[in-house]
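This report describes one model, beginning with a single loop residue and moving on to chains and domains. The structure is shown first.

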Amino acid sequence: MNFIRRTMFTAAVTLAASAAAVAADYPGKALDYIIPFGPGGESDITARLQQPFFKEKFGQDLVVSYKPGGGGAVGWAELNRLTGDGYTIMGVNLPHIVLQPAQKDVGYKTDELAVAYWFHYTPDAIVVSADSPFKTLADLTKFAKDNPGKLVFSGSGKGSANHLAQVRFDKLAGIKSTYVAFKGTGASNTALLGGQVNAAWGYTTSGTALGDKARVLAVAMEKRHPKFPDVPTFKELGIDLVSGAYRGIAVPKSTPDEIRNKLSEMIGKINADAEFQKKMIDGGFAMVDVPADKNADFLKAKSQEFIEAAKEGGILK
Amino acid sequence: MLQSLAAALTPVNLVLALLGVAAGTAIGAIPGLTATMAVAVLVPLTFTMPPENALILMGAIYTGAIYGGAYAAILLNTPGTPSAIATTLDGFPMAKRGDGDLAMTIACLASVAGGIVGALALLTLAPPLSKVALSFGPAEYFWLAIFGLSLIAALSEGSLLKGLAGGAFGLLVSCVGVAEISADVRLTFGSHTLISGINVVAALIGLFCIPVLIDLVSTPERHLKIETEQRGFRLGEAFAHVWREKLTLIRSSMIGTIVGILPGAGGSVAGLVAYSEARRTAKPGQSFGKGEPAGVIASESSNNATVGGGFIPTLVLGIPGTPPDAVILGALLVQGLRTGPSLFTEKATIVYTFIWGLMFATILMLPVGLLLGRYAYKSIVAMPKAILVPAVAFMTIIGTYAINNNVSDVVIMIVLGVIGWVLGRFGYLASPIVLGLILGPIAEQGFVQAWTIGVAREDLFGMFFGRPISLGIILFTLFSLFSPILIEKWKRRSALNER
Amino acid sequence: MSADQKRDYGGASMAVLLIGFGAFAIYDTTGYADPDSAVFPRTVAMGLIAVSSVYLTVWLMGRADAATVWERGSWPRRLAFVAVMLIAAFAMPWIGFVPVALASFGLLMMIAMFDAWTLRRAAIYILAGLIIVFGFYGLFGWLLQVPLPRGWLFQG
């Protein structure tokens, strides 16, 4: 008995010590960075933007691979079954990891995902085509008030950040609009430019992608986006809406805390790099910094927001 | 433009084009490895390159992969990429009767020609043609899908009822998983595996390749008829076929270019539409579905034309025309190059150097393709059955796994293959099922979106029947469905009159 | 109709199965939260049921297609092929890619072998098998960076 206890104690000590030692050497080889979506999406693009900076700062490769399916659910359901040595990491997205498990059994729970860092978000924005009669957000809300239901928005997906933003905006602005879900931002933008819809609930990134073919009316950020200095935030216009699609990096649950914190620190360092920030902002992204130890509070606040809007929008019962 | 022509002709660019096309062809030939994946693998490599080199390399591998899909389609009855679905319909029967070498050469010629047409459109007409991408709204996509589904009538040999049932089965299978436009989980039988839906590529491999393998192991007969004498590339013969079908070639290339521009469609739709057009306008004596070279020409020229076509909205509007374009767009963003309306004026040198590079890559596909195709054909024909079967089976497993890095896809692929084999035995063919699978999401999304917008604007009828392009597609669908019957009747009547 | 044409029992039973699948799909649509997701599958399922019912009716009236002729060929080999494929797919996450690939390659080789085994043939075929398996392993695992299953059984 005594022997067993002693062995277990020694084992625990060695394990802790070796974990610390491992963390000191970390990263000693290339990291496998799994994106739970297909290539070409924004999650892929932001991972690709991180890639060269990771190599430059920490001397190891960040090898991007894909595990798409079920809007990310396939990857997240598998995450905790992967080896927790810090060399397998996976992208995580909001609102996906909050809404999917709330809607149905998808094989993982929100609080089972060990997030190391939330590093950026793409803020929601209302975009109209360049020849649209709506010059300001006030024009748009006036039209919606005069013609209830006739203001048609395109957006990417249902239960997505775009859709939830539309639901919350309708409530805050006291209007009723129609939301049409398209498969992805590209299709939604096409519908906007083709005049199939009046406006799009898109992201700041759609604004940069479409250039002078489109006009951004307002962005759902705390402060104005540096890339669009002339575009007001919803807050400035009296609508308390700050939202978007957040992206972070998670590790399998079995990963030692030391390594998770080290990774969190490392991603933070990339986020702090001026050149990286410039590339991200040029692409229309916006930075956030939520390290591992602040994840729980952040996720709680966001969950509440998203779930409330989802219930409002009729996606959650 | 001439300056860019010279820039594209530098040795570095030509080598990149050559390597890209060769690698792309090899990747496309393996079922499961798609053009999207081929391009995605390259992305980290391109970070260190100047943008025009990166673009040429990615464009070359993309066009090569679309062409390479024909190899597996002709030799194994399995589209190497979804774009080559229509190539199986006549390519495999040609190979079976011993004309595989001819089919391979014809596929190469048609692909090069189609690729050049697409690239020419990109070079000369990109800004005006990009408007086509915008003129297609939800209602148009819905009717386009319905037009595609009307092909079932042509594809279901034997029993039309069974063809329709197969098509409906395919449409239902396309609904499995999380719905694209709502967030409901559908038809999963409570299984976690099915939440991500049935992957189209996995389904293609299962439905087309597994039945071939099941039949292959059951008898000692050879897979393809062996050629008796050395016939080389049969280039002259292939040229003659292509020349005779020059109208089909041009029409299919134009269909491919236009469908490529449409962000909601893609190479598979282009190939199927072009194939059905070729079939509808068949001359007497042509037997589509039984090894008609014109079928291979239509499919292969149109799918390679989608490459150039797809780059049009990608570069002009910043909207990817096809899935590989989305990856290329992302790679350019990392490079700091913003595609979009201003690209053609501000970064004109880069853009035109790339377009010329794509053109040369397409031309280089001729020698590269002929050589690789010859090699692929010879090895498949010469391989003893006891090696061919495990090798192809192994390829389907690893290829299917690689689509999403997921073993569940492999299981789904095999199960669908067995279902496809059983249904096939009883006269329910694979092609209508596949048609349903591919067109299902386009039809459903188009319908629901058009419906929602129509209700919001209180003009549901106008939404579906009041738009000029929609009306055009509807009329064309009716015409292609009923013209064979009418022509048949008219012929019979005139025959009676003569008597 | 000539007497030797058998009635298409297989086609008819498939029609019954498809009707069953259509009915299941309609039942499934009743559980969706968003009515948008039910419209399409319900319409298609009704179409499937209608078309298959028409076929059944035609068949009952004795005017359906002739049955497809059952090809000769070895049933044990067909079944063994499917079994090996399925077992390989299920075993891969546990045992790992390379062992499963080698084993299934060998088994399929035996299933597809119609000539007599000689020592020379065996040697050549096994060599070819090894080259193909490891060639693809290198292509996918190394060049294309596909994370191939390593096998949970043998990890830590």
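In this predicted model, Asn405(B) sits in the loop that links helix H17 (385-404) to helix H18 (407-425) of chain B. The phi angle of Asn405(B) is near 55 degrees, which is a positive value in a residue other than glycine. Asn405(B) has a relative accessible area of 7% and is therefore buried, the cut-off for that class being under 20%.

Phe189(B) also has a phi near 55 degrees, again positive in a residue other than glycine. Phe189(B) belongs to the loop between strand E2 (185-186) and helix H9 (200-218) of chain B. Is Phe189(B) buried or exposed? Its relative accessibility is 53%, so Phe189(B) counts as exposed, a class that begins over 50%.

**Chain B as a whole**

The secondary structure of chain B consists of 21 helices and two strands. Its radius of gyration is 22 Å, close to the 23 Å given by the globule rule for 499 residues, so chain B is as compact as a globular protein of that length. The C-alpha trace of chain B spans about 65 × 65 × 60 Å along its principal axes.

Buried residues account for 68% of the 499 residues of chain B. The exposed area of chain B is about 16400 Å², and 70% of that area comes from carbon and sulfur atoms. When contacts between residues at least 6 apart in sequence are taken, 79% of those in chain B join residues at least 24 apart. Chain B carries 29 positive and 25 negative charges, and the mean positions of the two sets are 7 Å apart.

**Two further sites in chain B**

Gly373(B) is part of helix H16 (residues 348-382) of chain B. With a relative accessible area of 2%, Gly373(B) is buried. Which residues does Gly373(B) touch, not counting residues up to four places away in sequence? They are Tyr71(B) and Met104(B). Tyr71(B) is 302 residues away from Gly373(B) in sequence, yet the two C-alpha atoms are 7.0 Å apart in space.

Asn77(B) lies in the loop between helix H4 (51-76) and helix H5 (85-135) of chain B. Asn77(B) has 15% relative accessibility and so counts as buried. Outside its neighbours within four places in sequence, Asn77(B) is in contact with Ala72(B), Thr88(B), Phe92(B), Phe208(B) and Val212(B).

The residues of chain B described above compare as follows.

| Residue | Relative accessibility | Class |
|---|---|---|
| Gly373(B) | 2% | buried |
| Asn405(B) | 7% | buried |
| Asn77(B) | 15% | buried |
| Phe189(B) | 53% | exposed |

**Chain A**

The domain assignment divides chain A into domain 1 (2-122 + 245-312) and domain 2 (128-219). The C-alpha centres of these two domains of chain A are 31 Å apart. Contacts between them involve 14 residues of domain 1 of chain A and eleven residues of domain 2 of chain A.

Pro39(A) is located in the loop between strand E1 (31-35) and helix H2 (42-58) of chain A. Its relative accessibility of 25% means that Pro39(A) counts as partly exposed. Setting aside neighbours within four places in sequence, Pro39(A) is in contact with Asp44(A) and Tyr66(A), and with Thr36(B), Ala40(B) and Val327(B). Pro39(A) and Pro68(A) are 29 residues apart in sequence, and their C-alpha atoms are 8.8 Å apart.

Where are cis peptide bonds found in chain A? One runs from Tyr26(A) to Pro27(A), with omega near -5 degrees. Pro27(A) is in the loop between helix H1 (2-25) and E1 of chain A. Another runs from Leu94(A) to Pro95(A), with omega near 5 degrees. Pro95(A) is in the loop between strand E3 (88-94) and helix H4 (96-103) of chain A.

Helix H7 (residues 184-193) of chain A has as its buried residues Ser188(A), Asn189(A), Thr190(A), Ala191(A), Leu192(A) and Leu193(A). After H7(A) comes Gly195(A), with a positive phi near 75 degrees.

**Chain C**

For chain C, the domain assignment gives domain 1 (9-60) and domain 2 (75-143). The centres of domain 1 of chain C and domain 2 of chain C, taken over C-alpha atoms, are separated by 39 Å.

Definitions and conventions:
Residues are numbered from 1 along each chain as its sequence is written. Chains are lettered from A and ligands numbered from 1 in the order in which they are written. This is a predicted model: local features need pLDDT of at least 70, side-chain atom pairs count only at pLDDT 80 or more; totals for chains, interfaces and linings use all residues. Side-chain values use heavy atoms; hydrogens and water are left out. Domain bounds come from an automatic or database domain assignment. Helices (H or I, at least four residues) and strands (E, at least two) are DSSP runs, numbered from the N terminus. The radius of gyration is taken over C-alpha atoms; the globule rule is 2.2 Å times the number of residues to the power 0.38. Buried means under 20% relative accessible area, exposed over 50%, partly exposed in between (1.4 Å probe, protein chains only). Contact means heavy atoms within 4.5 Å. Accessible areas come from the Shrake-Rupley method with a 1.4 Å probe; for residues, only the protein chains shown count as cover. Lys and Arg count as positive and Asp and Glu as negative; His and the chain ends are not counted. The place of a charge is taken as NZ of Lys, CZ of Arg, CG of Asp or CD of Glu.
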